[in-house]
Amino acid sequence: MDALSKLPEEMDALINSFMSQAIVGDTTVGLTQYIFWMCVAIALLFVVIFAFKKKQAKSLVPQGFFVNGVEYVIEFARDDMCKSILGDTWKKHFPFIASLFFFILFNDIVGIIPGCHPGTGTMGVTAALALVSFVYFIAVGVKRMGPLGYIKSLAPEGVSFPMNALVWVIELFSTFLRLVTLAVRLFCNMFAGHVVMGAFAILASLFFEPLLQSFAVSAVPGAAVSIFWVVILIVIYMVEILVAAIQAYVFTLLSAVYIQLVESE
Amino acid sequence: MGVIGYGLGVIGAGIGIGLAAFGATGAMARQPEVQGRLFTVFILGSAFVEALALIGFVVTLIA
């Protein structure tokens, strides 16, 4: 039972390690571990995209697993997120939607690798992403209807005066809430997923430790339990791979829905 | 105490995702041809609900 008594302090250490720590400079001006891994993800993304372009240009018909695989993901982003939601205007917004999707997807995937951190695991990066998406759909609205037109379009048509103003205030509030929920959803998913994975890894190591220190019969049941924790860890790891893809999908899909809302007004 | 509070919060999210899955499976059984579109809407709905539970989880850990 003394394995469990060590758990709280180990958990505190784990959560502390997830806070932003500077590896170059300090936390105001510098490079935290999250930003470092974000740069790694961007570099990886560029390598994949340029390798894809080079290989794709070789033949008219896509050949091989790599080219077909990347094309499948791009077509998924195009058909499932752009065409089905944005309708006729999809071509204008596809570059933005696709770059959002690939950026978040690569960040999440890099974070899944043991020892790495996801770029999206810190509030700063997700808030910046949400802000980009927020500014984009407001810019689309302003471009379509003009600044005054966009502000007016927040209130639905065909509602009489006093209710109209009330609905406008609520809509304005919900528009700003989109910014917060987009950022918090992605951050919380990544953070929570990594804390859960870390908790099971700590449990497995704590239960296995007595057997490593001295070989005794009394330590064998604890080691047997730790196998159970490792199995759970593997299951959670699989779920996290799924979550990484789904969260990239959800973030992009919501951005597309918000763009569609201003496009259809 | 924080963990108990988180557990209480998750009840709501659990009911929410359960209802979403219930509606999605029911609709898919009635009309299998709209499966793709329904799945998108289901994922969207679950994402909204799940965000609440996750906010609770992170607040529990940080506070």
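Biologist: Let's start with two helices of this predicted model. How do α7(A) and α8(A) run, roughly parallel or roughly antiparallel?

Modeller: The axes of α7(A) and α8(A) come within 8 Å and cross at roughly 170°. Angles over 145 degrees count as roughly antiparallel. That crossing therefore makes the pair α7(A) and α8(A) roughly antiparallel.

Biologist: Nice! Where those two helices touch, how many residues are nonpolar?

Modeller: The contact of α7(A) with α8(A) includes two charged residues and five polar ones. The nonpolar residues there number 25.

Biologist: Now for the core. Which helix gives the most residues to the largest nonpolar core?

Modeller: That core holds 47 residues, and Met81(A), Cys82(A), Phe101(A), Phe251(A) and Ala256(A) touch the most other members. Several helices of chain A, including α3 (33–58) and α4 (64–86), each supply at least two residues, and so does α2 (35–62) of chain B. With eleven residues, the helix that gives the most is α8(A).

Biologist: Let's stay with Phe251(A). Which residues does Phe251(A) touch, leaving out those up to four places away in sequence?

Modeller: Phe251(A) is among the core residues that touch the most other members. Once residues up to four places away are left out, the ones Phe251(A) touches are Leu100(A), Ile104(A), Leu182(A) and Leu186(A).

Biologist: What about the two chains? How many charged residues does chain B have on the side that touches chain A?

Modeller: Chain A brings 13 residues to the contact and chain B brings ten. On the side of chain B, nine are nonpolar and one is polar. The number of charged residues on that side is zero.

Biologist: Is Ile74(A) buried, partly exposed or exposed?

Modeller: Ile74(A) sits in helix α4 of chain A. A residue needs 20 or more neighbours within 10 Å to be buried, and 12 or fewer to be exposed. Ile74(A) has 16 C-beta neighbours inside 10 Å, so it counts as partly exposed.

Biologist: How many residues of α2(A) are buried?

Modeller: Helix α2 of chain A covers residues 7–18, and its end C-alpha atoms are 17 Å apart, which agrees with the 16 Å that its twelve residues should span. The helix lies largely in the open, because the number of buried residues in α2(A) is zero.

Biologist: And how far does helix α1 of chain B reach from its first C-alpha to its last?

Modeller: α1(B) is hardly covered, with one buried residue among its 29. At 1.5 Å a residue, 42 Å is expected for residues 2–30. The helix comes close to that, with a reach of 42 Å.

Technical notes: Residues numbered from 1 in each chain as written. Chains lettered and ligands numbered in written order. Predicted model: local features only at pLDDT ≥ 70, side-chain atom pairs only at ≥ 80, totals over all residues. Core = buried A, V, L, I, M, F, W, Y, C linked by C-beta atoms within 7 Å. Helix = DSSP H or I, 4+ residues; strand = E, 2+ residues; numbered from the N terminus. Contact = placed C-beta atoms within 7 Å. Nonpolar A, V, L, I, M, F, W, Y, C, P; charged D, E, K, R; others polar. Axes fitted to C-alpha atoms, helices over the stretch in contact; angles between N-to-C directions. Parallel < 35°, antiparallel > 145°, perpendicular 65-115°, else oblique. Expected span 1.5 Å × (residues − 1).
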